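Let's take a walk through this model together. Keep the structure open beside you and turn it as you read.

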Amino acid sequence: MASRAISDLHPQLQPLAEIFLRRCRDQGLDPLLTCTWRSAAEQDALYQQGRSKPGAIVTQARAGQSAHNAMLYGSPAARAFDVVPLVAGKPVWDAEHPHWHLMGQIGQALGLNWYGQPDAPFQEYPHFQLSQEF
Ligand SMILES: [Zn+2]
């Protein structure tokens with residue numbers, strides 16, 4: 001099971017994630033963190049989905065390649081988190097929903113790279129990643 005703990009994020013990303021969630025709530029959004037850190041084994045299992053295992057392809061990253069797998073001094077230090085907006089308590093996966101755009105704006109205002117942007121390396125609306133300077 002992948003982690004949803006903010007403490008498993010990179011130290012630079014932890015306060016940004018807290019502010020991000022607070023600003024989302026201030027704007028009437030109900031964000032749910034679905035993933036912070038995941039292990040190499042969990043990444044591998046996810047990579048096999050849609051390839052050697054049934055389901056849709058959900059990642060291009062093999063074990064160790066995802067920002068969610070990052071470690072620092074031997075501890076989880078994910079450089080990205082995934083978040084989905086809840087509406088009436090249910091996750092909204094439709095990327096056309098306006099809450100996605102609002103979340104994207106809030107994340108980008110904090111200097112995070114939002115992978116819902118058209119120029120992102122790949123399209124993954126829930127994915128907010130620490131920029132490379134850290
Ligand atoms: Zn992600």
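Two strands count as paired here if DSSP finds at least two bridges between them. By that rule, strand β4 pairs with strand β5 (residues 90-91), running antiparallel with 2 bridges. Please keep in mind that this is a predicted model.

Let's stay with this pair for a moment. β4 and β5 make a hairpin with 2 residues between them, and in the turn Ala-88 has a positive phi of about 55°. Across the hairpin, Val-87 stands opposite Lys-90 of β5.

β4 has other partners too. With β1 it pairs in the antiparallel sense over 4 bridges, and Cys-35 has Asp-82 in β4 as its bridge partner. With β7, β4 also runs antiparallel, joined by 3 bridges; here Phe-81 faces Phe-128 of β7. How many of the residues of β4 are buried? The count is 7 of the 8, so β4 is largely enclosed by the rest of the structure.

Asp-82 is a good place to turn to the metal. Which residues coordinate the zinc ion? They are His-68 through NE2, Asp-82 through OD and His-127 through ND1, at 2.0 Å. Along the sequence, these donor residues follow the spacing H-x13-D-x44-H. Asp-82 in strand β4 and His-127 in strand β7 lie 45 residues apart, so this pair links distant parts of the chain. Both of these donors are shielded by the protein: Asp-82 is buried because its relative accessible area is 6%, a value under the 20% limit, and His-127 counts as buried at 2% relative accessibility.

Now move to the helices, starting with α1 (13-26). α1 has 14 residues and spans 20 Å from its first C-alpha to its last, close to the 20 Å expected at 1.5 Å a residue. Its buried residues are Leu-13, Leu-16, Ala-17, Phe-20, Leu-21 and Cys-24. Seen down the axis of α1, they fall within an arc of 135°, so they line one face of the helix. The reasoning behind such a pattern is simple: an α-helix has 3.6 residues a turn, so residues three or four places apart point the same way. The buried residues of α1 pack against β1, β4, α3 and β7. Just after the helix, Gly-28 takes a positive phi of about 85°.

Helix α3 (residues 98-109) invites a similar reading. It has 12 residues and reaches 17 Å from first C-alpha to last, close to the 16 Å expected at 1.5 Å a residue. His-99, Trp-100, Met-103, Gly-104, Ile-106 and Gly-107 are the buried residues of α3. They cover an arc of only 165° around the axis, which puts them on the same side of α3. On the other side, Pro-98 and Ala-109 are exposed. What do the buried residues of α3 pack against? Their partners are α1, β1, β4, β6 (113-114) and β7. After α3 comes Gly-111, with a positive phi near 85°.

Pro-31 shows how these elements come together. This proline is found in strand β1 and, at 7% relative accessibility, counts as buried. Not counting residues up to four places away in sequence, Pro-31 touches Leu-21, Cys-24, Arg-25, Val-83, Val-84, Pro-85 and Met-103. Between Pro-31 and Trp-100 there are 9.9 Å in space, C-alpha to C-alpha, although the two are 69 residues apart in sequence.

Finally, look at the interior. In soluble globular proteins, nonpolar side chains tend to be buried together. The largest nonpolar core here has 24 residues, and Phe-20, Phe-81, Met-103, Leu-112 and Phe-128 touch the most other members. α1, β4 and α3 each supply at least two residues of this core, and α1 gives the most, with 6 residues. Phe-128 is worth selecting on your screen: leaving aside neighbours within four places in sequence, its contacts include Phe-20, Phe-81, Met-103, Leu-112 and Trp-114.

Definitions and conventions: Residues numbered from 1 in each chain as written. Predicted model: local features only at pLDDT ≥ 70, side-chain atom pairs only at ≥ 80, totals over all residues. Heavy atoms only, no water. Expected span 1.5 Å × (residues − 1). Buried < 20%, exposed > 50% of the residue type's maximum accessible area, 1.4 Å probe, protein only. Arc of directions from axis to C-beta. Contact = heavy atoms within 4.5 Å. Donors = N, O, S within 2.8 Å, 3.2 Å for Na, K, Ca; no water. Core = buried A, V, L, I, M, F, W, Y, C linked by side-chain atoms within 4.5 Å.
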